[in-house]
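I opened my notebook for a quick look through this model. I wanted the overall layout to begin with, then a couple of residues to follow up.

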Amino acid sequence: EERVAQFSAVIRAANLVEFLDPLMHRLIAECFRDAGVHEGVIWMLDGEGTHLLCACQVGPASSHLLNFRHPLDTGLASMVLATQQPFCENNLAANRVAPSNLEERLGVIMCSRILVPFFIAGKARGVVAAVAAMDRESSREGVHADIVDRVFGPGQPPRPGGEAAVGGSSA
């Protein structure tokens with residue numbers, strides 16, 4: 001346990017990918033792909049604990065986040081980290097008020113997203129975000145992306161405890 005704690009102390013957003021071997025890189029990419037999302041990001045706390053930084057990204061638009069510093073006092077990712085509870089939003093494209101800072105940075109319209117706390121050695125160190133999105137230029141009325149349907153199967157809400165209903169796939 002002591003070795004794991006020492007190891008976890010040196011992992012930062014800037015060096016996370018150095019600790020991932022090719023199999024882990026592929027596993028991360030395949031998990032996001034299998035969830036049917038367009039963008040996947042692993043956010044990690046900075047050294048001061050005041051911002052979330054993009055430590056790993058999968059998807060064409062999320063590459064715009066590599067130098068983005070997300071303040072820890074705003075946004076859903078910060079709430080997920082603080083509460084250590086996952087969060088899911090659907091129908092974002094249908095219920096738009098104004099583009100979020102993240103949408104502006106990515107150049108997309110978010111349709112749905114799941115955010116989950118990320119732990120290293122039993123300590124919350126960041127957030128994993130999976131986003132279904134539409135390109136702003138190609139967005140059109142009637143397009144809907146529902147992560148819950150993609151992950152658990154159409155009409156299959158997750159069961160208490162996070163298990164998928166019969167016929168769905170587990171994430």
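Entry 1, the layout. I am working from a predicted model. Reading from the N terminus, I get the element order α-α-α-β-β-β-α-β-α-β-β-α. That gives the protein six helices and six strands.

Entry 2, inside and outside. I looked up how much of the protein is buried: 39% of its 171 residues. The exposed area of the protein comes to about 10000 Å², and carbon and sulfur atoms supply 55% of that area. I also checked contacts between residues at least 6 apart in sequence, and 48% of these join residues at least 24 apart.

Entry 3, Leu65. Where does Leu65 lie? I found Leu65 in the loop between strand S2 (51–58) and strand S3 (69–71). Is Leu65 buried or exposed? Its relative accessible area is 1%, and buried means under 20%, so Leu65 counts as buried. Leaving out residues up to four places away in sequence, I see Leu65 touching Val41, Trp43, Cys54, Leu102, Arg105 and Leu106. I took a second look at Leu106: it is 41 residues from Leu65 in sequence, yet the two C-alpha atoms are 7.4 Å apart in space.

Entry 4, Phe7. My next stop was helix H1 (residues 2–10), which holds Phe7. Phe7 has a relative accessible area of 40%; this falls between the 20% and 50% cut-offs, so I noted Phe7 as partly exposed. Which residues make the nonpolar surface patch with Phe7? They are Val10 and Phe19, and the patch made by the three covers about 250 Å².

Note on methods: Residues are numbered from 1 along each chain as its sequence is written. This is a predicted model: local features need pLDDT of at least 70, side-chain atom pairs count only at pLDDT 80 or more; totals for chains, interfaces and linings use all residues. Side-chain values use heavy atoms; hydrogens and water are left out. Patches are made of residues with over 30% relative accessible area and no salt bridge: like charges are joined within 9 Å, nonpolar side chains (Val, Leu, Ile, Met, Phe, Trp, Tyr) within 5 Å. Accessible areas come from the Shrake-Rupley method with a 1.4 Å probe; for residues, only the protein chains shown count as cover. A salt bridge is a side-chain nitrogen of Lys or Arg within 4 Å of a carboxyl oxygen of Asp or Glu. Helices (H or I, at least four residues) and strands (E, at least two) are DSSP runs, numbered from the N terminus. Buried means under 20% relative accessible area, exposed over 50%, partly exposed in between (1.4 Å probe, protein chains only). Contact means heavy atoms within 4.5 Å.
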